[in-house]
Amino acid sequence: MRALRSFAVRVSLPEKLGELTELALNLRWSWNRRARDLWRWVDADAWDASGHDPVRMLGLVSQERFEQLADDGPFLSFLAGVSEDLQSYLDEPRWYQSRKKDGPRTIAYFSPEFGVSEALPIYSGGLGVLAGDHLKAASDLGVPIVGIGLLYRQGYFEQSIDADGRQVERYTELDVDHLPLELLR
C-alpha cells in the first residue's frame, strides 16, 4: 500500500542553538574543519552514527543534550564563531567578485553526479568526485556555480566483501527529507 502523504519531523532546537540548522544545510561544513569540529562537539557518537551527516545527526541528538549545549558558554562561543565565519564566507567578496563586473551572475554546472560529501550520496566514482571538487573550489573562489544533477532515491549502492571474499552490494533508499537539498521548480 502506498502512503497517501508523508512528512518530515524536524528537531526543535533551543533558540540559542538555532544557527545549527543553517550550518547543517550549507554543505560548506564538508570541507571546513571548524564546522566538522562543531558537529563532533554537539555529540561525537551521533556524528559517527549519522555517517557524518549533520541534518540526520540533529535528529539523533537528545533534547537533554541540546539543553546542555544551550547553557555551555564555550560551545555557544564556538558556535557563534563558526556561524560568523559562514556568514562572512557567504557575504564577503572573493576572487570572482574582484574580476570584471559584467561576468555571469549564475553559471549552471550540469553533471549526473556530485561527490561533495558522503552525507549526500549522489555519486559513485571519479566523475562525481571531480564534479564535487569543482563545486567546492568554485565556492571558495566566489564563482556563482549552481550544480544541477540527478537524484535517485535508490541509485548508488554501498559495497562490502563477505566472508567468502565476494563483493556484496547493498542498495539503500534515500530519505530525501533528511538530505541537505532544496527542491527547485
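Ala, Val, Leu, Ile, Met, Phe, Trp, Tyr, Cys and Pro count here as nonpolar, Asp, Glu, Lys and Arg as charged, and the others, Gly among them, as polar. With these classes, the lining of the largest pocket in this predicted model can be described as 22 nonpolar, seven polar and six charged residues.

That pocket has a volume of about 1,400 Å³. Its lining is made up of 35 residues. To find the middle of the pocket, look for Leu27, Val146, Gly147, Pro180 and Leu181, which lie nearest its centre. Several elements contribute to the wall: α6, α8 (126–141) and β2 (145–148) each supply at least two residues of the lining.

The second largest pocket holds about 400 Å³ of space. It is lined by 19 residues, and those closest to its centre are Glu118, Pro121, Glu158, Thr172 and Leu174. By class, this lining divides into seven nonpolar, five polar and seven charged residues.

Pockets are open, whereas a cavity is a space from which a 1.4 Å probe cannot get out. The structure holds one cavity of 30 Å³ or more. The volume of the largest cavity is about 60 Å³. Around the largest cavity stand Leu23, Asn26, Arg28, Trp29, Asn32, Ala35, Val82, Asp85 and Leu86. Helix α6 (residues 73–91) gives three residues, the largest share of this lining. Sorted by class, the lining of the largest cavity has five nonpolar, two polar and two charged residues.

The next stop is a single residue, Asp53. Asp53 sits in the loop between α3 (44–49) and α4 (54–58). Is Asp53 buried or exposed? A residue is called buried when its relative accessible area is under 20%. For Asp53 the relative accessible area is 0%, so Asp53 is buried. Leaving aside residues up to four places away in sequence, Asp53 touches Trp47, Ala119 and His178.

The last stop is a pair of strands. Strand β3 (residues 157–161) and strand β4 (residues 167–171) pair in the antiparallel sense, and five bridges join them. One place to see this pairing is Ser160, whose bridge partner in β4 is Val168. The two strands form a hairpin with five residues between them. Within this hairpin, Gly165 takes a positive phi near 85°.

Key. Residues are numbered from 1 along each chain as its sequence is written. This is a predicted model: local features need pLDDT of at least 70, side-chain atom pairs count only at pLDDT 80 or more; totals for chains, interfaces and linings use all residues. Side-chain values use heavy atoms; hydrogens and water are left out. On a 1 Å grid over the protein atoms alone, a cavity is a set of points where a 1.4 Å probe fits but cannot get out, and a pocket is an open set with protein on both sides within 12 Å along at least five of seven lines; lining residues have an atom within 4 Å of a point. Grid points are joined across faces, edges and corners, and a volume is the space filled by probe spheres set on the points. Helices (H or I, at least four residues) and strands (E, at least two) are DSSP runs, numbered from the N terminus. Buried means under 20% relative accessible area, exposed over 50%, partly exposed in between (1.4 Å probe, protein chains only). Contact means heavy atoms within 4.5 Å. Two strands pair if DSSP finds at least two bridges between them.
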